[in-house]
Amino acid sequence: MSLGSKKNSGKPGDDGVVLLLGGRSEIGLEIASRLAPGRTIVLAARRSTDLAAERQALLDAGAAAVDCVEFDADDLDSHEKLLRSVADTHGPLSVAVLAFGILGDQARAERDARHAVAVVHTDYVAQVSVLTHLATLLREQGSGRIVVFSSVAGVRVRRANYVYGSAKAGLDGFASGLGDALHGSGVSLLLIRSGFVIGRMTEGMSPAPMSSTPAQVADAVVRGLHRGASRVWVPGRLRPVFFVMRLLPQAVWRRMPR
Ligand SMILES: NC(=O)c1ccc[n+]([C@@H]2O[C@H](COP(=O)([O-])OP(=O)(O)OC[C@H]3O[C@@H](n4cnc5c(N)ncnc54)[C@H](OP(=O)(O)O)[C@@H]3O)[C@@H](O)[C@H]2O)c1
């Protein structure tokens, strides 16, 4: 049964529209290319007329069609209209991936309240808005999979990146609750808790232990979609590691690097 059909199995079928919110995200594009063969992919991004390379890469990966739509996550009032227009144009959404986000500048955010709020606005408030509209739309469809990117940065927030980490902690809690609220609706939510990913977002930073690449994260996401998982840690061994990390005394934790 495909994800585009009513009351599906919750696993990604061979057809159905894939919506990538954050249409230039490295991890998101890796996921989209794995889901591409035979499907319509919608890339939702800022500067949506400047996505020729991303579009071509997905067509080369076998996508039946790639559409590009304008999306600014920070413009909360635009979310409902955008999501409805994608579904009206292309039909039921089978997989929606929320891949937009910013790391921000921690040092600046500690002094510049506007910057701190901008990070939390994109990484938490905008995600809450998109997720709420998306859940309503997919409930009406009776089907669909939502992929949300939490991070180990939010599992136990570190002093070294507490602004970004706090947004991810909030998002992790919101998405966990939403996933439970969707139980039995035909719609399901896959929450990704990844560690440091070597890529554009972390350019210039030394990789933390147990880092991954965008391709490794995408492989884990697609495996999680296929088995109908609700949580995936990337890499998987971070799960037991963070089980222990949560128990460390605060005096030790406060010295943890980013
Ligand atoms: N990289 C990591 O180490 C890591 C680790 C754990 C979790 N994650 C999470 O995984 C997700 C994907 O990250 P990634 O590594 O693929 O990052 P990425 O390549 O930097 O992609 C993030 C995308 O978000 C978009 N974006 C930012 N603000 C936006 C806004 N206001 N409206 C629309 N789009 C906006 C950016 O678009 P523009 O092209 O317009 O700037 C960018 O293409 C993020 O939620 C991230 O927090 C990443």
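Start by selecting Asp74 and the ligand: a polar side-chain atom of Asp74 sits 3.2 Å from a ligand nitrogen. Keep in mind that you're looking at a predicted model.

Next, add Lys168, where a side-chain N or O atom is 2.9 Å from an oxygen atom of the ligand. Then pick Arg200; here too a side-chain N or O pairs up with a ligand oxygen, at 3.1 Å. Now switch on a surface: the ligand on its own would expose 890 Å², and the protein buries 92% of that.

Widen the selection to the shell around the ligand. It holds 27 residues, and the ones that come nearest are Ser25, Ala73, Tyr164, Lys168 and Val197. Colour the shell by character and you get 11 nonpolar, eight polar and eight charged residues. Colour by element instead, and α1, β5 (144–151) and α6 (162–181) each give two or more residues. β5 has the largest share, with three.

From α1, step out to the fold. Select residues 17–21 (β1), 26–35 (α1) and 40–45 (β2): together they form a right-handed β-α-β unit. Carry on from β2 through α2 (residues 52–60) to β3, another crossover of the right-handed kind.

Now hide the helices and check the strand pairing. β1 and β2 run parallel, joined over four bridges, and you can find Leu21 opposite Ala44 of β2. On to β3 (residues 65–70), which pairs with β2, also in the parallel sense, over six bridges; look for Thr40 with its bridge partner Ala65 in β3.

Last stop: β2 itself. Five of its six residues are buried, so the strand is largely enclosed by the rest of the structure.

Terms used. Residues numbered from 1 in each chain as written. Predicted model: local features only at pLDDT ≥ 70, side-chain atom pairs only at ≥ 80, totals over all residues. Heavy atoms only, no water. Buried < 20%, exposed > 50% of the residue type's maximum accessible area, 1.4 Å probe, protein only. Pairing = 2+ DSSP bridges. Right-handed = clockwise from strand over helix to strand, strands pointing away. Near = heavy atom within 4 Å. Polar contact = N/O pair within 3.5 Å; in protein donor to acceptor, adjacent residues only side chain to side chain. Areas by Shrake-Rupley, 256 points an atom, 1.4 Å probe, with all protein chains shown as cover. Nonpolar A, V, L, I, M, F, W, Y, C, P; charged D, E, K, R; others polar.
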